[in-house]
Amino acid sequence: MTFTVEQRAELEGPLDRAKVKTRDQGGKTLSYVEAWHAIAEANRIFGFDGWNRTTERVTLVQSEHKPRQNGGDLWWIGYVAKVVISAAIGKE
């Protein structure tokens, strides 16, 4: 068993650069794809419930608290996650 021809074409095709976001951290510019987009693409390519993800590691990379002048609190919190994706494969 292997990926279908259609799945291979989707996986080997170019990534839509409009879906790649960037942010600056630690003096570097990092590129990433938002989780909602990755999930939508996995559902589109493999079908709902045709794939699975396992979170291997979650690391806090930013936590900053700033009290607001008008009361309340403002927090910036960022995490990086290492996630492994497994997919069901079809017959060619």
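In the predicted model, arginine 23 is placed over the face of tyrosine 32, at a distance of 5.8 Å from the ring centre. Apart from this contact between a charge and a ring, the aromatic side chains contribute one aromatic pair. The partners are phenylalanine 3 and phenylalanine 46, whose ring centres are 5.9 Å apart and whose planes meet at 45°, so the arrangement is classed as tilted. Because phenylalanine 3 belongs to the segment before helix H1 (5–12), whereas phenylalanine 46 belongs to helix H2 (residues 35–46), the pair ties together parts that are 43 residues apart in sequence. The two rings also fall into separate accessibility classes: phenylalanine 46 is buried, at a relative accessible area of 17%, while phenylalanine 3, at 24%, is partly exposed.

Charged side chains were examined next. The structure contains five salt bridges, including contacts within helices and a contact between strands, described here in turn. In helix H1, arginine 8 is bridged to glutamate 12, with 3.3 Å between the closest N and O atoms; the two residues are four positions apart in this helix and are therefore separated by about one helical turn. Arginine 8 counts as partly exposed, at 37% relative accessibility, whereas glutamate 12 is exposed, with a relative accessible area of 58%.

A salt bridge is also found in helix H2, where the side chains of glutamate 41 and arginine 44 meet at an N to O distance of 2.7 Å. These residues are three apart in the helix, again about one turn. Glutamate 41 is partly exposed, with 25% relative accessible area, and arginine 44 likewise counts as partly exposed, at 46% relative accessibility. A further salt bridge, with an N to O distance of 3.4 Å, brings together lysine 82 and glutamate 56. Since lysine 82 lies in strand E4 and glutamate 56 in strand E3, this contact ties together parts that are 26 residues apart in sequence. Lysine 82 is itself partly exposed, its relative accessible area being 39%. Through shared partners, salt bridges join Glu10, Glu41 and Arg44 into one network, so that glutamate 41 and arginine 44, the bridged residues of helix H2, take part in this network as well.Strands E3 and E4 also contribute to the nonpolar surface. A nonpolar patch is formed there by Val58, Leu60, Trp75, Ile77 and Tyr79, with about 560 Å² of accessible area together. Strand E3 (51–67) and strand E4 (73–87) are the elements that give two or more residues to this patch, and E4 gives the most, with three residues. Tyrosine 79, one of the members of the patch, lies in strand E4 and counts as exposed, at 53% relative accessibility.

Confidence in the prediction was considered last. The protein has an average pLDDT of 87, and 95% of the residues score at least 70. Confidence is lowest in E4, where the mean is 87, and highest in H2, where it is 92. Where pLDDT is low, the predicted coordinates should not be read in detail.

Technical notes:
Residues numbered from 1 in each chain as written. Predicted model: local features only at pLDDT ≥ 70, side-chain atom pairs only at ≥ 80, totals over all residues. Heavy atoms only, no water. Phe/Tyr/Trp six-rings, centres within 6.5 Å; stacked < 30°, edge-to-face > 60°. Buried < 20%, exposed > 50% of the residue type's maximum accessible area, 1.4 Å probe, protein only. Lys NZ or Arg CZ within 6 Å of the ring centre and 35° of its normal. Patch = residues over 30% accessible without salt bridge, like charges linked within 9 Å, V, L, I, M, F, W, Y side chains within 5 Å. Areas by Shrake-Rupley, 256 points an atom, 1.4 Å probe, with all protein chains shown as cover. Salt bridge = Lys/Arg side-chain N within 4 Å of Asp/Glu carboxyl O. pLDDT = per-residue confidence, 0-100.
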